[in-house]
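These are my notebook entries on a single structure. I record what I looked up, entry by entry.

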Amino acid sequence: MSIALRSFAKINLGLKIGAPRADGFHELRTVYQTIALHDVVRVEVGAGEGIEIRCSNPQVPCDSTNTCYKIAERVLKKTGRRSKVTIEIEKRLLVQGGLGAASSNAVATMLGLERGLSMELTQQDRLGIAAEVGSDLPLFLIGGTVLGVDRGQEVYALQDLQETALVVVTPPVGVSTPKAFAQWDALVGKESASSALTAPNAAGTIKERNQADSAWLSERLLSRVVPAEGPASGVPAVGGDRAETPLLDPVRTGIENDFERVVFPEYPELREVKRVLVREGARYASLSGSGSTLYGLFEAASDAEAAAERMTAAGHVAAATRTVTRAEFWEQLLA
């Protein structure tokens with residue numbers, strides 16, 4: 001029997017990059033948000049041994065480098081099971097576009113494999129396996145609005161934003177995440193050197209910048225962490241009208257994606273797409289992850305649909321969609 005699961009995409013509501021670490025990763029602070037765009041992953045467990053990946057998209061590897069393969073391999077090892085696992089990926093999302101598609105596919109594989117093996121991992125085991133494979137995977141074990149810290153793999157459930165309309169644009173540009181990180185390090189190093197020459201207390205200046213960078217998170221979003229005993233109420237944790245929170249919180253707190261500072265100079269066409277989204281009525285627009293996908297948040301679904309139609313007519317690959325809450329994420333998981 002084949003188990004079919006929706007593999008939802010994500011966007012990043014802000015992304016702050018910290019200093020490089022000894023393990024080669026960077027400290028990150030971001031808020032992930034799952035959205036309705038999705039792939040479909042089908043998992044089949046049968047007699048025999050081995051893992052087979054099937055996908056008609058030539059950009060998707062069908063060998064041991066695929067994140068779905070890595071997850072399946074670890075789940076089988078963890079449970080001590082021997083089975084023939086076949087994973088079919090119906091690809092609808094952009095490959096390496098900043099939407100977390102490969103990571104979402106992998107988590108869908110894990111959950112499908114649990115069903116196929118008639119067993120259930122603990123949440124701790126799930127998160128541990130997911131974090132081994134990639135920094136973006138654990139968020140898809142929570143869904144909805146999720147705080148990501150450390151290298152992005154340490155995740156906390158936040159109060160869900162209300163359903164919000166958005167337009168997702170996927171330009172035909174491939175952005176290398178490792179290269180973007182390297183360019184960020186070079187930019188920060190250059191700015192630090194400049195500060196050392198001009199500032200009377202460069203260390204203090206850098207410290208102040210780091211404090212300012214984290215203000216949006218500590219003052220606004222950490223107060224939305226869902227308590228362990230259950231989902232938080234619908235009352236805004238930060239005060240004000242709940243109905244306006246999805247659009248105005250990012251604007252008020254100045255949430256930005258640090259990757260834009262290095263990706264936009266390298267790919268000016270992506271900066272132009274962001275400008276088009278704003279001209280089309282987006283209340284907030286941003287790069288997702290390191291890109292190349294961009295998105296814009298809109299007041300109403302009708303506004304998003306009209307904007308997507310106009311952008312498509314102008315030659316952009318644009319789609320109107322919406323955010324997905326944590327409850328809906330889990331309710332709609334099985335395709």
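**Entry 1. Aromatic pairs**

How many aromatic pairs does a search of the whole structure find? I searched the model, which is a predicted one, and the search returned four aromatic pairs.

I looked up Phe 181 and Phe 259 and found an edge-to-face pair, with 5.0 Å from centre to centre and 70° between the planes. I then placed both rings: Phe 181 is in helix α4 (residues 177-198), and Phe 259 is in the loop between α6 (245-253) and α7 (260-266). The two residues are 78 residues apart, and I note the pair as a link between distant parts of the chain. Phe 181 is buried at 17% relative accessibility, and Phe 259 is buried at 3%.

I turned to the rings of Tyr 284 and Tyr 295 after that. Their centres are 6.3 Å apart and their planes stand at 50°, so I entered this pair as tilted. Tyr 284 belongs to strand β8 and Tyr 295 to strand β9, so the pair ties together parts that are eleven residues apart in sequence. For burial, I noted a relative accessible area of 9% for Tyr 284, which is buried. Tyr 295 is also buried, with a value of 0%.

I also recorded a cluster in which ring pairs link Phe 8, Phe 329 and Trp 330.

**Entry 2. A charge over a ring**

Which residue lies over the face of Phe 25? I found Arg 151 there, at 4.8 Å from the ring centre.

**Entry 3. Cysteines**

How many disulfides does the count come to? With a cut-off of 2.5 Å between cysteine sulfur atoms, I obtained zero disulfides.

Why does Cys 55 form no bond with Cys 62? The sulfur of Cys 62 is the closest cysteine sulfur to that of Cys 55, but the separation is 5.8 Å, which is too far for a bond. Cys 68 is likewise in no disulfide, since its nearest cysteine sulfur, that of Cys 55, is 9.0 Å away. I checked burial as well: Cys 55 is buried with a relative accessible area of 18%, and Cys 68 is buried at 0%.

**Entry 4. Backbone geometry**

I looked through the backbone for a cis peptide bond and noted the one from Gly 291 to Ser 292, with omega near 15°. Ser 292 is found in the loop between β8 (284-287) and β9 (294-298), the strands that hold Tyr 284 and Tyr 295 respectively.

I next listed positive phi values in residues other than glycine. Ser 118 has phi near 55° and lies in the loop between α2 (101-116) and α3 (123-133). Is Ser 118 buried or exposed? I recorded Ser 118 as exposed, at 67% relative accessibility.

Asp 150, which is not a glycine, has a positive phi of about 65°. I located Asp 150 in the loop between β5 (145-149) and β6 (154-157).

**Entry 5. Helix α9**

I compared the span of helix α9 (residues 301-313) with the expected one. At 1.5 Å a residue, its 13 residues should span 18 Å, and the end C-alpha atoms are 18 Å apart, so the two agree.

Which residues of α9 are buried? I listed Ala 304, Ala 307, Ala 308 and Met 311. These residues cover an arc of only 100° around the axis, which puts them on the same side of α9. On the other side of α9, I found Glu 309 and Ala 313 exposed.

What do the buried residues of α9 pack against? I noted β7 (165-169), α8 (268-279), β9 and β10. After α9 comes Gly 315, with a positive phi near 105°.

**Entry 6. Thr 321**

I followed β10, one of the elements packed against by the buried residues of α9, to Thr 321. Thr 321 has its place in this strand, which covers residues 318-322. Thr 321 is buried, with a relative accessible area of 12%.

Which residues does Thr 321 touch, not counting those up to four places away in sequence? I recorded Ile 35, Ala 36 and Leu 37, then Thr 164, Ala 165, Leu 166 and Val 168.

Key
Residues numbered from 1 in each chain as written. Predicted model: local features only at pLDDT ≥ 70, side-chain atom pairs only at ≥ 80, totals over all residues. Heavy atoms only, no water. Buried < 20%, exposed > 50% of the residue type's maximum accessible area, 1.4 Å probe, protein only. Helix = DSSP H or I, 4+ residues; strand = E, 2+ residues; numbered from the N terminus. Phe/Tyr/Trp six-rings, centres within 6.5 Å; stacked < 30°, edge-to-face > 60°. Lys NZ or Arg CZ within 6 Å of the ring centre and 35° of its normal. Contact = heavy atoms within 4.5 Å. Expected span 1.5 Å × (residues − 1). Arc of directions from axis to C-beta.
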